[in-house]
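User: I'm new to this one, so please pick out a single part for me, the empty space in the fold, and take a close look. Tell me what surrounds it too, in one connected answer.

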Amino acid sequence: MKVLQTPDSCFEGLPDFDYAPHYTTIQADDGTPLRIHHIDEGPADAEPILLMHGNPTWSYLYRHMIPGLLKTGRRVIALDLVGCGRSDKPASKKDYSLARHCDWMTKWLLANDLKNITLFCQDWGGTLGLHLVAHHPERFDRVIASNTGLPLGKGTNSFLRFWQAGMRYAPFFPWRLVFRRTLQRKLTPQEYAAYEKAPFPSRKYQVGILKFPLLITVFPDHPEVGINRETWARLKTFDKPFLTLYGDRDPVTRGYDKILQRYVPGTQGQAHKIIEGGGHFIQEEKADELVIEVTRFLAATEKKVACGE
């Protein structure tokens, strides 16, 4: 498997993002070494908050949440999915599959031996992050899901139908269209460049983010829908605290919070919230409100987690 690495120089001088990079090298199923990037801030021995992003973003999405989360006294880790951000980027579309993404993230989790995790996950960060929760529940103390889902091949909304059809043969990623449809505020030119130009200095680096839409298992004939079905079966027994924070203006996952609340035992009795004015990339628009809700959730569930309830 041929792998591309974005030069470190591409990430210099990004606005509001002065965090040192950390890398974990794992072995892909064909033996190829893959370097996965994460930000790691706060006390090394503190319980971690793991932040997982969606497509086509990277840990830069969490730049306005990290300072507030550090005030909780916890270790804050923001991960870049393979093909995104500072993580390695396999060079061919055939290199990417849902199974491989799950495998890569699992190997990263085990290599870093994280425990007592509070997971905050959005978009693909939720699809993959909830796979980790389902298969390694002993490592997670609580979960916050935001604008994410685990499709089971039962169809989809008009936005995702349009998205998948348009991306099937797209030669490059339609940045302006995506941000226009999913963001409620306008990025500065510097912020926009931090998403588009920094991780992807040319089109050859975009292969992973072009493939992600085709991995969404919204139709019953998708070859990997069984992976999400197995994850769901396991999540139906996850009884640790589980909170949903969804944006009311997200065209992608609207309503999926109710599905999680219906089937995941840990959602019962939690202070779920629909955040007004929150689009799909809710971290860009509602970072302060998200930090407030996460901090409340941590405080409200700390005793329960400590007692193993």
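Analyst: A quick bit of vocabulary to begin with: helices, labelled H, are DSSP runs of at least four residues, strands, labelled E, are runs of at least two, and both are numbered from the N terminus. Also keep in mind that this is a predicted model.

Let's start with the enclosed space. Searching the whole structure for cavities of 30 Å³ or more turns up 1. The largest cavity holds about 50 Å³ of space. Around it sit Phe 159, Phe 162, Trp 163, Leu 177, Val 178, Arg 181 and Thr 182. Two helices, H4 and H5, each put at least two residues into that lining, and H5 gives the most, with 4. Sorted by class, the lining of the largest cavity comes to 5 nonpolar, 1 polar and 1 charged residues.

While we're at H4, have a look at Gln 164, which is found in this helix. Gln 164 has a relative accessible area of 7%, so it counts as buried. Setting aside residues up to four places away in sequence, Gln 164 touches Pro 213, Leu 214, Ile 216, Val 218 and Phe 219. With Pro 213, the C-alpha atoms are 5.6 Å apart, although the two residues are 49 apart along the chain.

Now for the open space. The largest pocket takes in about 740 Å³. Its lining runs to 40 residues, and Gly 149, Leu 150, Pro 151, Leu 160 and Tyr 256 are the ones nearest its centre. H4 (158–167) and H5 (175–182) turn up again here: along with H3 (124–135), H8 (225–235) and H9 (256–263), each supplies at least two residues of this lining. H9 gives the most, with 4 residues. By class, the pocket lining divides into 21 nonpolar, 14 polar and 5 charged residues.

Step back along the chain from H9 and you come to Arg 254, in the loop between strand E9 and H9. Arg 254 has 55% relative accessibility, and so counts as exposed. Not counting neighbours within four places in sequence, Arg 254 is in contact with Asp 248 and Arg 249. Arg 254 and Asn 147 are 107 residues apart in sequence, yet their C-alpha atoms are 7.3 Å apart in space.

On the other side of that loop is E9 itself (residues 242–247), where 6 of the 6 residues are buried, so the strand is largely enclosed by the rest of the structure. Phe 242, Thr 244 and Tyr 246 point one way, while Leu 243, Leu 245 and Gly 247 point the other. E9 pairs with E8 (residues 140–146) in the parallel sense over 3 bridges, and Ala 145 stands opposite Thr 244 there. E9 also runs parallel to E10 (residues 273–275), joined to it by 3 bridges; Lys 273 in E10 is the bridge partner of Leu 245.

Finally, the packed part, for contrast with the empty spaces. In soluble globular proteins, nonpolar side chains tend to be buried together. Here the largest nonpolar core has 96 residues, and Leu 51, Met 52, Trp 104, Met 105 and Leu 235 have the most contacts inside it. Beyond residues up to four places away in sequence, Met 52 touches a list of residues that includes Tyr 62, Leu 79, Met 105, Phe 120, Gly 125 and Leu 128.

Terms used
Residues are numbered from 1 along each chain as its sequence is written. This is a predicted model: local features need pLDDT of at least 70, side-chain atom pairs count only at pLDDT 80 or more; totals for chains, interfaces and linings use all residues. Side-chain values use heavy atoms; hydrogens and water are left out. On a 1 Å grid over the protein atoms alone, a cavity is a set of points where a 1.4 Å probe fits but cannot get out, and a pocket is an open set with protein on both sides within 12 Å along at least five of seven lines; lining residues have an atom within 4 Å of a point. Grid points are joined across faces, edges and corners, and a volume is the space filled by probe spheres set on the points. Ala, Val, Leu, Ile, Met, Phe, Trp, Tyr, Cys and Pro count as nonpolar, Asp, Glu, Lys and Arg as charged, and the others, Gly among them, as polar. A nonpolar core is a set of buried Ala, Val, Leu, Ile, Met, Phe, Trp, Tyr and Cys residues joined through side-chain atoms within 4.5 Å. Buried means under 20% relative accessible area, exposed over 50%, partly exposed in between (1.4 Å probe, protein chains only). Contact means heavy atoms within 4.5 Å. Two strands pair if DSSP finds at least two bridges between them.
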